Amino acid sequence: MPANKPKFYLTTPIYYTNGLPHIGHTYSTIVCDTIRRYKRMRGYDVVMTTGTDEHGVNVERSAKKAGVPESEFVAKMAAEWRALWEELGVQGDEFIRTTDLKHAHTVQWLFKQCRDNGFVYPGHYTGQYCIYDNAYVDVKPGENCPDCGRPTETVTEANFYFKLSAFQKPLLDWYAKHPDFIQPEARRNEVLSFVEGGLRDLSITRTSIRWGIPVPGEEPHVFYVWFDALTAYLSAVGGPQYEKTGFWPANLHLVGKEIIRFHAVYWPAFLMAAGLPLPKQIWAHGWLLMDSAKMSKSLGNVVRPRPIVNVLGMDALRYYLLRETVFGQDGNFSYDALVQRYNSDLANGLGNLASRTAAMIERYFGNRVPAYSDPKIGDPHLIETQDLHLASDTSVLKEHVLRLYDALQFSRVLDFIWGHLAATDQYLTAEQPWALGDDAKSLQRKATVLYLAADALRSISLLAHPILPDATAKIWKLLGENGKIEEQDLDAVQWGRLAVGTQLGKSQALFPRIEKAEAIERIEAMEKEEQKQPSPVIAPVAKAASAPAAGGAAAAAAPATTEKIGIEDFAKVEMRVGQIKTAERIVGADKLLRKLRGVESDGMIVAATVGPEGRPVLAGFPDEDVEIGARLK
Ligand code: MSP
């Protein structure tokens, strides 16, 4: 690869921290990770940014509900997102959090550039405000809050406006000059007609929110949602010092289609106003649907990635998401199709080709890659047309696959690779190396057939690596290759690169076959378990245990991810068996606090919540007669 590699910078959206990742988010991140791996294997110096969008009223509310400060809430949620991406084999280079100091500096700096250039002015924002939810809602005066159904009030607050209206013509000129700026075509048309319809100035600060980046010298103004969030792409690669890192402008912002407008209209306008270079391309993919509706937390139809990964492995999820959905369009998610794909394409397809080829090389050639018959040095009659076809198909395959990766047509990439895999399987079935005898001629034929199959497996693994990092790395080792598969050059894929005489590695089941009903049952059971778990910040164990006689039922249900406490801390808590004789409702309170509406709380009870309606159940000793007052140890 060239010493001076070209740079490539790509980003996922930065995800909200008031929820945990579902496979819709996972889809965006996996696509980005695939591109990242692909570009690396094409000789680029790649940086991929992902991260978390941590400000705003929703976080303020969620933190309040969890009874923890916002900073603690977002830190735990961000850690969850980051951990999940690692489990999925995502090689993010930068994980930007909008609460990072360097991000705050970048936002403040960008604002100053825009303001100094005359594109920011003070004004007032008027909107319908829900005093119960503490948020502006998108309804007309007199209408109720769409979230809680209660009346809204018309509120006016001081803010700063960004002169988006001044960018209608510059944006239209930019789109015309850069026809590939917005992809796919349908999204480009949507954005074009939006901008052609005229742009209204944009409120970019708020005084009604506390949890945000302060506008310097203009407190209590804080930056509002998109001016803050979009700037994360720049903060991750140097912020004001972006020229030093050399990774700005971004080559690709990958987003879901619902946020295309912010990326293709607001973001380039902010950058133009600040005099900064614009990203090269914005690609909006479609949605993963569940029963024909967008998978989303608010609809309650989400599927979590972990149970799938635990049962089928991360490659199975990556393969399924990229194979089943035509990139750019919506795709339906179904467990049935997922397990079907796993069994047919991975277990019976790739896994089977790898294990049968390796097993025969082990049996017939002492586990060393056999020498094929080269027409120049061996017996030319031992080379058949079908051998030549299989070999030369590799270069055709490579050409197609690289072109399709460049066009982000992942399902077609996999179609082509799996076509070659099927051809290799058929070749083995037709040539039947296992049925050949042990005479010199038959042995030589056997060697040629197995060499070609193993060599095809090598090319297939290289080309599929960006999508199936785990299994292909294992096949790489199985083929006795040195070095890391992710460091190979895809341009060098060519038949005949498998070195003759190489000792093969140990064979292992890559994708053990699994019965469909059993797989789905296991995934769904884990999914249910996960959904029962409170969010990682609802019950911080260390706090609940060291604050004597305080808390509520939530303290009993701590997830495994929270901090562990030592025995000394545990010993500080006095837990005794008790008997409830009477219970009284405290008006207006749904959980116990230490001093609550004038009523002192001197203890807590241990309980769990059961079922979707959260029915409280007290912990007890139903099978033993334990004395009242006995101390728990
Ligand atoms: N924080 C903003 C983005 C700021 S970017 C500067 C945000 N966050 S989000 O958590 O709601 O994530 C949205 C992104 O997650 C979508 O754009 C998309 O990439 C992904 N998806 C969320 N649900 C999805 C589906 N059901 N299907 C596919 N992708 C989806 O918006």
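The following legends describe views of a predicted model of a protein with its ligand.

**View 1. Overall fold of the predicted protein model.** The protein is built from 20 helices and 19 strands. It has 633 residues, and 48% of them count as buried. Among contacts between residues at least 6 apart in sequence, 75% link residues at least 24 apart. The accessible surface of the protein amounts to about 30300 Å², with 51% belonging to carbon and sulfur atoms.

**View 2. Residues around the ligand.** The ligand is surrounded by 23 residues, of which Ile14, Ser28, Asp53, Leu288 and Met295 come nearest. Sorted by class, this shell holds 12 nonpolar, 8 polar and 3 charged residues.

**View 3. Polar contacts to nitrogen atoms of the ligand, including one from the side chain of Asp53.** A polar side-chain atom of Asp53 is placed 2.7 Å from a ligand nitrogen atom. For Ile14, a backbone N or O atom lies 2.7 Å from a nitrogen atom of the ligand. Gly24 places a polar backbone atom 3.2 Å from a ligand nitrogen atom. Of the 670 Å² that the ligand exposes when taken alone, the protein buries 95%.

**View 4. Secondary-structure elements in the shell around the ligand.** Two or more residues of the shell come from each of β1 (7-16), α1 (23-41) and α7 (225-230). The most is given by β1, which supplies 4 residues.

How values were computed. Residues numbered from 1 in each chain as written. Predicted model: local features only at pLDDT ≥ 70, side-chain atom pairs only at ≥ 80, totals over all residues. Heavy atoms only, no water. Buried < 20%, exposed > 50% of the residue type's maximum accessible area, 1.4 Å probe, protein only. Contact = heavy atoms within 4.5 Å. Areas by Shrake-Rupley, 256 points an atom, 1.4 Å probe, with all protein chains shown as cover. Near = heavy atom within 4 Å. Polar contact = N/O pair within 3.5 Å; in protein donor to acceptor, adjacent residues only side chain to side chain. Nonpolar A, V, L, I, M, F, W, Y, C, P; charged D, E, K, R; others polar.
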